[in-house]
Each structure stands twice: as C-alpha cells, then as structure tokens.
Amino acid sequence: MEKMKLIIADDHPYISKGVENSLAEKNDIEVVANVLKLELLRDQIESFAPDIVLLDISFQNNKENGLDFLKANKDLLSQCKFIVFSQHDDVSVIKHAYLSGASSYLTKTAGTGELYHTINKVFEEGTYIPEQLAVPLANIFVKDNKENIEVESLLTEREYKVFLLTAKGKNRNEIADEANIALRTVANDLASCKAKLKIERPAEFTMLAMRKGFIS
C-alpha cells in the first residue's frame with residue numbers, strides 16, 4: 001500500500017516530534033521531513049514531494065508566518081495540500097487560513113484520532129472543514145457581503161452542478177467525470193462561478209454552499 005507522504009512544519013521540535021510519534025502506528029502515513037524553519041519549507045516540499053504539509057502559523061524569529069508562506073507560494077497548492085495546525089482558535093484567523101489556500105484547519109488541542117481523520121479527508125477530498133467549524137465559518141463568510149447572493153439564479157444549470165461538486169471537495173478530473181463534461185469545460189465553468197459569485201478558493205465554495213443549505 002502506497003503511503004501518504006507528510007511534512008510537518010513547526011518551529012517547536014517537541015511538537016513536531018510528538019505529532020510524528022503519534023502517527024507512527026498509522027501504516028498509511030509516512031512523515032518524510034520535519035521542518036523547523038519556514039524559509040526551508042519550499043525546498044523541502046520540492047525535495048520530498050509530500051501529499052500533505054502540516055503547517056503551523058507562528059514561527060519564532062521570522063517576519064513571515066505560515067499564512068504568509070501560503071500566499072507567497074500559491075504555485076505549491078497544486079502540488080500538495082496544506083493543513084494549518086495552530087494554537088489559534090479565533091474564527092477570523094481560521095477563515096483567513098482557508099482563504100490563503102489551506103485545505104483544512106486544526107487546532108493543536110486536537111487528538112491523534114482527529115488529526116488522522118483530517119489528514120485522510122484532505123487526502124481523499126482536497127478540502128475539509130471540520131464539523132465544529134462549519135457553522136461559524138459559514139456565518140462569518142456570508143457576513144462579508146455574500147448574504148444576498150442567489151447562487152441558483154446567477155449560475156447556469158451546469159455551472160451550479162460544478163459549483164456543488166467543487167463545494168464537496170471534488171477535483172477537476174472528478175467533476176469532469178461526474179458531470180460528464182470536458183476538463184476545459186470544467187475550467188471555464190469554475191472561472192464563471194468565481195466571477196459571478198465573487199469567490200476564489202475551494203473553501204469559499206464549501207462555506208457558501210453550507211450557509212445556503214446546499215450541503216451539510
């Protein structure tokens with residue numbers, strides 16, 4: 001069985017090693033690197049080609065933080081998925097993480113089971129919003145001038161289907177298969193959805209769909 005490759009990026013070695021040890025019994029995960037300095041992360045990602053990066057927000061003695069890294073390295077988002085793993089539990093920070101490109105967010109109070117579940121969900125679905133974050137994130141998202149968006153009336157029938165599949169975490173190939181359309185058509189419909197709904201990230205699709213009651 002091919003293992004999921006994981007990089008842990010955290011400037012606290014005891015946390016990084018603790019996470020690695022807690023996942024050691026999982027036969028489908030391999031921690032390929034522990035990165036203690038944010039400035040080394042891009043090189044490590046390019047060297048090890050991980051499936052997922054577990055990324056802290058705060059790094060001591062560094063002007064940039066984990067979210068700054070995501071925004072400055074958008075090209076990496078197509079190569080691997082990022083789970084922000086932080087002590088911060090403020091919903092505005094969590095929202096900012098998703099909008100910066102994170103596939104999921106987990107606080108460091110999470111147990112091994114929840115961490116393992118999140119890693120698997122991100123690996124399988126691309127984007128994962130834990131149940132306890134869904135409502136507060138959806139509410140704060142909609143307050144940002146999206147309360148009155150009429151999704152169904154703005155989108156064509158096919159665009160609406162692409163919107164829902166994206167909100168459910170499907171990638172472009174999966175959307176093409178399920179909607180029985182070409183990849184180029186998926187790309188065009190996604191661009192149209194983003195323009196009409198004034199959203200960009202997959203997490204925004206998910207939050208909007210949750211707030212409108214299209215998905216749970």
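**Notebook: the C-terminal helices and the overall fold**

I looked up Asn180 first and recorded a relative accessibility of 70%, so this residue counts as exposed. The model I am reading is predicted. Asn180 sits in the loop that joins helix H9 (172-179) to H10. Its phi is positive, about 55 degrees, although Asn180 is not a glycine.

I then turned to Lys198, which lies in the loop between H10 and H11. Lys198 also is not a glycine, and I noted a positive phi of about 60 degrees. Is Lys198 buried or exposed? Its relative accessibility is 66%; because the cut-off for exposed is over 50%, Lys198 counts as exposed.

Next I examined how helix H8 (residues 157-167) meets helix H10 (residues 183-197). Their axes come within 9 Å and cross at roughly 90 degrees. I therefore entered H8 as roughly perpendicular to H10. Which residues make the contact? From H8 I listed Arg158, Glu159, Val162, Phe163 and Thr166. From H10 I listed Thr185, Val186, Asp189, Leu190, Ser192, Cys193, Lys196 and Leu197. I sorted the residues of this contact by character and obtained 6 nonpolar, 3 polar and 4 charged. As a reminder to myself, residues three or four places apart on an α-helix point the same way, because the helix has 3.6 residues a turn.

I went on to helix H11 (residues 202-211). How many of its 10 residues are buried? I found 8, and I described the helix as mostly covered. The buried residues are Ala203, Glu204, Phe205, Thr206, Met207, Leu208, Ala209 and Met210; Glu204, a charged residue by type, is one of them. After H11 comes Gly213, for which I noted a positive phi near 80 degrees.

Finally I reviewed the chain as a whole. I counted 11 helices and 5 strands. The C-alpha trace spans about 50 × 35 × 30 Å along its principal axes. The radius of gyration is 17 Å, and for 216 residues a compact globule would have a value near 17 Å, so the two agree. Buried residues account for 48% of the 216 residues. I also looked at contacts between residues at least 6 apart in sequence, and 67% of these join residues at least 24 apart. For the surface, I recorded about 11,100 Å² exposed by the protein chain, with carbon and sulfur atoms supplying 46% of that area.

Methods
Residues numbered from 1 in each chain as written. Predicted model: local features only at pLDDT ≥ 70, side-chain atom pairs only at ≥ 80, totals over all residues. Heavy atoms only, no water. Axes fitted to C-alpha atoms, helices over the stretch in contact; angles between N-to-C directions. Helix = DSSP H or I, 4+ residues; strand = E, 2+ residues; numbered from the N terminus. Parallel < 35°, antiparallel > 145°, perpendicular 65-115°, else oblique. Contact = heavy atoms within 4.5 Å. Rg over C-alpha atoms; globule rule 2.2 N^0.38 Å. Buried < 20%, exposed > 50% of the residue type's maximum accessible area, 1.4 Å probe, protein only. Areas by Shrake-Rupley, 256 points an atom, 1.4 Å probe, with all protein chains shown as cover.
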